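Student: Please take a close look at the small sheet in this model. Then work outward from there to the loops, helices and side-chain packing.

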Amino acid sequence: MLLLRKLPGMPGWPPSALGLRLPHKFVVLLFLSGLLTLCFGALFLLPDSSRFRRLFLPRRGADPDLSRGSPPPPPPPPGSDPGHRRRHAALSPPPQLHRDPKLPPAMAAANAATSSKRERHQRRPQGPPGAGTAADPPRQQTRAPFRFDYQAFRQRLRHPVLGRRRGGTEDPELRSRRLKIKEMMKFAWDNYKQYAMGKNELRPLTKNGHIGNMFGGLRGATVVDALDTLYMMELQEEFQEAKNWVEQSFDLNVNGEASLFEVNIRYIGGLLAAFYLTGEEVFKNKALELGEKLLPAFNTPTGIPRGVINLGSGMSWSWGWASAGSSILAEFGSLHLEFLHLSELSGNAVYAEKVANIRKVLNRIEKPQGLYPNFLSPVTGNWVQHHVSIGGLGDSFYEYLIKSWLMSDKQDTEAKSMYDHALEAIEKNLVKKSAGGLTYIAEWRGGILDHKMGHLACFSGGMIALGGQHTAEEQKQHYMDLAAEITHTCHESYVRSDSKLGPEAFRFDSGTEAVATRLSDRYYILRPEVVESYLYMWRLTHDPKYRQWGWEVVEALEKYCRVEAGFSGIRDVYTTNPSHDNMQQSFFLAETLKYLYLLFCEDDVLSLEDWVFNTEAHPLPVNHTDFVLKTSAQ
């Protein structure tokens, strides 16, 4: 300014009172306005300006970071549990998240949990020590660790877990049949406990335990698989024995090669179900600890997990028998239910993100004739072989699509769309009718049909009926008819054998229908898929024939599979004097006996409105979003 005042005036322009001519005044004013603008803007841009921003911006309640998702939840009322509010804020999707039809509720919930953590880091004071501490709300310093609100979960169930007691109004025959199945479960458990406790399965003929190499050094597969069945049948003493073993002896610090699929559906599924049924924290903690050990299997170029993982080192690889190092559709496609619940219980979105990525890969690649082949490269993300099966290698992938939609309370429209398109392609290419009028689902090998149906594929009758309940009326009848026809075919595979138990696979060629033509297909290993379809068909139609068919299976199991120290599979279903395979499979307690028991229960016992069953028959709860949204609004 002093320098300017010494400048000589321009000719013909009168000097101002300050010694400046008019153009110089404009220069000075421009300079001053620029300086003020710079200082004012610095209040917003400098890292130590958080105090000054509060003079001009809304308070934390209108934090723009928070407004990107939804308004922050109101503070809990006096005396309430803050964990309850956090569950709905961090896990349950707010209304805005439901607007994305491709975002499953649990996925949005898990993402919300991650967002919350990121926002907490962003809001920490950035200035020198002590800056902002007086004015900043103390909420970040007192935030408790994430905790799942079990009581809120139980309150949102629409039916009591074990149904409503009906006293003396129950049909005596129904009760006696249910008690018989309960006795079979107790017999199977007692012998396992006596001769094989802590091993994975019981060998009932030799009266010892079997470990095997499928679980990577984990023990007690039968214990974990049986937990929810024991609880559901109200075998309280036996359930307590199983719980005590999990608390005291279930060691997860193992170093061995495990099947990602089997560990997930049996161990994680069984532990999750036991937690949701009882609220016992030990089951949740074990499930979360084990789930974390499975994550390294997803470290592939595509994010498609490999089938085998060392639970100690985290190294993973594909099955040696899998074509060209591929991953198996039924294995990487049967993680969704359990992994969403791992995110639900931990508040960690990583599990939901892993399985969401699997869908992204599958949706990117072309499907031959709309079908999903069984082998996919985890490196390239391309199909390795064009072998399609609704039985082994493919089965539970389709099951998890429709059940993911149901578990999301019908919000996961991506899963429903994938299921609908897959079923349409299956009907068009694989569903056939034999000369004798039996409907079956063939296998597809590069465009050539193999007219074989496996026992594993017999779950599809129940799956199609379950999915058909949620279609237009004319489609509903079509799918219910198709489900009934497939279930009838699987029933025929049982009644056409001498033991009245079904073979591992049966064929429809050379004049043969619904019988095994190869010696290697004639065995029965206590599999559940046929009675699984009986249960769904009963609950959705209440046709009494399904209960009768189920009871025939109970009689056959008692006659041909029950031995002195448990139940055993048989090597040939076409003889009335079969030899036994000396193995009481863990899924016999988890699935076969559970489905048979439920077949003779009222529909509100583990109601399909509240629960979906994973592919090992472990019940996982439906996310009732109407309750969640109502609670969030309150």
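**The sheet and its surroundings**

Tutor: Strand 12 (residues 443-445) pairs with strand 13 in the antiparallel sense, and 3 bridges join the two. The model is predicted. Within this pairing, glutamate 443 has aspartate 450 of strand 13 opposite. The two strands belong to an open sheet of 3 strands, ordered 9-12-13, with antiparallel pairing. Strand 9 (387-388) and strand 13 (448-450) are the edge strands, each pairing on one side only.

Strand 9 leads on to a loop. Leucine 393 lies in the loop between strand 9 and helix 17 (395-407). The phi of leucine 393 is positive, about 85°, although this residue is not a glycine. Most residues other than glycine have a negative phi. With a relative accessible area of 25%, leucine 393 counts as partly exposed. A second case is asparagine 582, again not a glycine, with a positive phi of about 65°. Asparagine 582 is placed in the loop between strand 17 (566-567) and helix 23 (586-599). Its relative accessibility is 11%, so asparagine 582 is classed as buried, the cut-off being under 20%.

Helix 17 and helix 23 both return in the surroundings of helix 21. The buried residues of helix 21 are covered by parts that include helix 17, helix 19 (460-468), helix 20 (473-495), helix 22 (545-561), helix 23 and strand 18 (611-613). Of the 13 residues in helix 21, 11 are buried, so the rest of the structure largely encloses this helix. Among the buried residues are Glu529, Glu532 and Arg539, along with Tyr534, Tyr536 and Trp538. The length of helix 21 (residues 529-541) can be checked: at 1.5 Å a residue its 13 residues should span 18 Å, and the end C-alpha atoms are 18 Å apart, so the two values agree. Histidine 542 follows helix 21 and has a positive phi, near 55°.

Next, the nonpolar packing. The largest nonpolar core contains 162 residues, and those with the most contacts inside it are Leu218, Leu362, Tyr398, Leu501 and Leu557. Helix 12 (residues 260-278) gives the most to this core, contributing 12 residues. Leucine 218 can serve as an example: apart from its neighbours within four places in sequence, it is in contact with Asn200, Phe250, Asp251, Leu252, Val254, Val263, Tyr267, Leu290 and Leu311.

Aromatic side chains form a further topic. A pair of aromatic rings is described by the distance of the centres and the angle of the planes. Searching the whole structure gives 30 aromatic pairs. For phenylalanine 275 and tyrosine 276 the ring centres are 5.6 Å apart and the planes stand at 55°, so this pair is tilted. Phenylalanine 275 and tyrosine 276 are both buried. They join Phe148, Tyr150, Phe153 and Trp611 in one aromatic cluster.

Two rings have a charged residue over them. Lysine 416 places its charged end over the ring of tryptophan 405, 5.0 Å from the ring centre. Arginine 562 lies over the face of phenylalanine 187, and here the distance to the ring centre is 3.8 Å.

Note on methods. Residues are numbered from 1 along each chain as its sequence is written. This is a predicted model: local features need pLDDT of at least 70, side-chain atom pairs count only at pLDDT 80 or more; totals for chains, interfaces and linings use all residues. Side-chain values use heavy atoms; hydrogens and water are left out. Two strands pair if DSSP finds at least two bridges between them. Helices (H or I, at least four residues) and strands (E, at least two) are DSSP runs, numbered from the N terminus. A nonpolar core is a set of buried Ala, Val, Leu, Ile, Met, Phe, Trp, Tyr and Cys residues joined through side-chain atoms within 4.5 Å. Buried means under 20% relative accessible area, exposed over 50%, partly exposed in between (1.4 Å probe, protein chains only). Contact means heavy atoms within 4.5 Å. Rings of Phe, Tyr and Trp (its six-membered ring) pair if their centres lie within 6.5 Å; planes under 30 degrees apart count as stacked, over 60 as edge-to-face and the rest as tilted. A charge sits over a ring if NZ of Lys or CZ of Arg is within 6 Å of the ring centre and within 35 degrees of the ring normal. The expected span of a helix is 1.5 Å times one less than its number of residues.
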